[in-house]
Amino acid sequence: KMIIRDIYDMPHMLVGGATQQGKSVFIKMIACTLAQRNSPDMLKILGVDLKYGAELKEIDRLPHMMFPLVKRKEEVLPLLKLVMQEVERRLKRFEELGVVNINGYNQRHARRMARWVVIIDELANLMLDRTMRNDAEMYLSDIAAMSRAAGIHLIVATQRPSTDVVTGLIKANFPVRVAFACSDNASSKTIIDTTEASKIGEPGRIIFAMGRDKTELQTPWFSPEMMNEVIDDLCTMPREQVL
């Protein structure tokens, strides 16, 4: 049975689990799926890969990328600050025009606003850095709390789902949690508040938690060959007029 979710209804996702369980493949599949369904002018992807670009390097070729993949910690806070400024700019614009969200704005204007999707892998590299932790937590929680109406979405992943990485403030603002197999009960509880993820079997299996609902699912396998084929096709996608 195919399960499909609209990112606007989610609108932010926290992905966690042990290493080699399929988190990065899952994130790249999401990025390519969104890119297939939206032109480069109606979707902007901002990527952060603090494993020196090793995990998300394929999506760096997407024509939807607003900037090259961010690979250094010192570049992350300026990026998050830019995203927060864009959230505030959009909300102020909506207030001036009397609309409540990006859908209302785009229905009234020929020059439409693009949705932004911000992908961060690996969160632990930010949250365990004492010089960046507080600012990173503040930006992530503020963006997540304010950006749904603005059409800006966060997908944040970590292979270290501990309470010093996934804080209560971050969890409170990420209504969708995806737990891959976890190495212990504590890691599972950090992501989805139960121990179910410590009992998942094969890589690619997840517990998808949205609100109070939790469902065990099998994510699709997305091979590097398939990914490169999709991205090659996307590079010829037509562009639209956009604000």
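1. On one side of helix H8, Glu-225, Glu-229 and Asp-233 are exposed, that is, over 50% relative accessible area with a 1.4 Å probe and protein chains only. On the other side of H8 (residues 224-234), Met-227, Val-230, Ile-231 and Leu-234 are buried, meaning under 20% on that scale. These buried residues lie on the same side of H8 because they cover an arc of only 95 degrees around the axis, the arc being that of the directions from the helix axis to the C-beta atoms. An α-helix has 3.6 residues a turn, so residues three or four places apart point the same way. Helix H1 (23-37) is included in what covers the buried residues of H8, contact being heavy atoms within 4.5 Å.

2. The model is predicted: local features need pLDDT of at least 70, side-chain atom pairs count only at pLDDT 80 or more, and totals for chains, interfaces and linings use all residues. Residues are numbered from 1 along each chain as its sequence is written, and side-chain values use heavy atoms, with hydrogens and water left out. Helices (H or I, at least four residues) and strands (E, at least two) are DSSP runs, numbered from the N terminus.

3. Seven strands form an open sheet with mixed pairing, in the order E2-E3-E4-E1-E5-E6-E7; two strands pair if DSSP finds at least two bridges between them. Strand E2 (43-49) and strand E7 (213-218) are the edge strands, each pairing on one side only. On average, neighbouring strands of this sheet are turned by 15 degrees against each other, direction ignored.

4. E3 runs parallel to E2, with seven bridges between them, and parallel to E4, with six bridges. Trp-116 in E3 stands opposite Lys-44 and also opposite Ile-152 in E4. Seven of the seven residues of E3 are buried: Arg-115, Val-117, Ile-119 and Asp-121 on one side, and Trp-116, Val-118 and Ile-120 on the other.

5. Strands E5 (residues 176-179) and E6 (residues 205-210) run antiparallel and are joined by four bridges. Val-176 has Met-210 as its bridge partner in E6.

6. Helix H2 (residues 76-97) lies across E2, strand E3 (115-121) and strand E4 (152-158), running at about 155 degrees to E3. Axes are lines fitted to C-alpha atoms, for helices over the stretch in contact, and angles run from 0 to 180 degrees between N-to-C directions. H2 packs with helix H5 (residues 133-146) at an angle of about 25 degrees, with their axes 10 Å apart. The two helices H2 and H5 are therefore roughly parallel to each other, a term for angles under 35 degrees.

Methods:
Angles under 35 degrees count as roughly parallel, over 145 as roughly antiparallel, 65 to 115 as roughly perpendicular and the rest as oblique.
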